[in-house]
Amino acid sequence: QSVENGAQNSIVHYCVGIFMIYGIGYPIGHTAVIGLFSKVVGRRPQGTLQGWFASAGSLARIIFPVTSGYIAQYDDITTVFIILFVVLVISNIFVAMSSRTLNALSQ
């Protein structure tokens with residue numbers, strides 16, 4: 001049963017969901033990404049590049065939710081998911097095109 005049809009979403013469900021995202025999923029994913037970025041950076045100045053990487057991540061965590069909110073407010077949620085899908089596809093294409101360079105840098 002959906003919320004629109006009267007289903008109750010308790011605070012327990014919300015807290016469990018937030019715990020699963022930030023307590024389990026985010027630390028595992030973030031640690032893996034930082035490790036990969038560190039391997040790609042190699043012998044170059046780690047501190048500076050890790051700082052830029054962290055700053056870009058922080059900026060993305062501000063810009064994307066605000067932008068998604070505006071898009072959902074002025075259009076609909078389907079448009080938000082289409083845009084996120086397009087960004088994901090473009091990112092995957094970029095990684096696939098750069099795989100040789102990424103592999104060479106990680107050696």
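A residue counts as exposed when its relative accessible area is over 50%, as buried when that area is under 20%, and as partly exposed in between. This briefing applies those terms to a predicted model, in which a nonpolar surface patch of about 1,200 Å² and three aromatic pairs are described.

**The nonpolar patch**

- The patch of about 1,200 Å² is made by Ile11, Val12, Tyr14, Val16, Ile18, Phe19, Met20, Ile21, Tyr22, Ile24, Tyr26 and Ile28.
- Tyr14, one of the residues that make this patch, is found in helix H1, which covers residues 11-41.
- Because its relative accessibility is 54%, Tyr14 counts as exposed.

**Aromatic pairs**

- The structure holds three aromatic pairs, and among them is the stacked pair of Phe37 and Phe53, with 4.3 Å from centre to centre and 20° between the planes.
- This pair links distant parts of the chain, since Phe37 belongs to helix H1 and Phe53 to helix H2 (residues 46-74), with their positions 16 residues apart in the numbering.
- Phe37 is partly exposed, with a relative accessible area of 22%, and Phe53 is likewise partly exposed, with a value of 26%.
- The rings of Tyr70 and Tyr74 also form a pair, which is stacked because their planes stand at 5°, while their centres are 6.3 Å apart.
- Both Tyr70 and Tyr74 lie in helix H2, where they are four residues apart, or about one turn of the helix.
- Tyr70 is partly exposed, with a relative accessible area of 48%, whereas Tyr74, with 65%, is exposed.

Methods. Residues are numbered from 1 along each chain as its sequence is written. This is a predicted model: local features need pLDDT of at least 70, side-chain atom pairs count only at pLDDT 80 or more; totals for chains, interfaces and linings use all residues. Side-chain values use heavy atoms; hydrogens and water are left out. Patches are made of residues with over 30% relative accessible area and no salt bridge: like charges are joined within 9 Å, nonpolar side chains (Val, Leu, Ile, Met, Phe, Trp, Tyr) within 5 Å. Accessible areas come from the Shrake-Rupley method with a 1.4 Å probe; for residues, only the protein chains shown count as cover. A salt bridge is a side-chain nitrogen of Lys or Arg within 4 Å of a carboxyl oxygen of Asp or Glu. Helices (H or I, at least four residues) and strands (E, at least two) are DSSP runs, numbered from the N terminus. Buried means under 20% relative accessible area, exposed over 50%, partly exposed in between (1.4 Å probe, protein chains only). Rings of Phe, Tyr and Trp (its six-membered ring) pair if their centres lie within 6.5 Å; planes under 30 degrees apart count as stacked, over 60 as edge-to-face and the rest as tilted.
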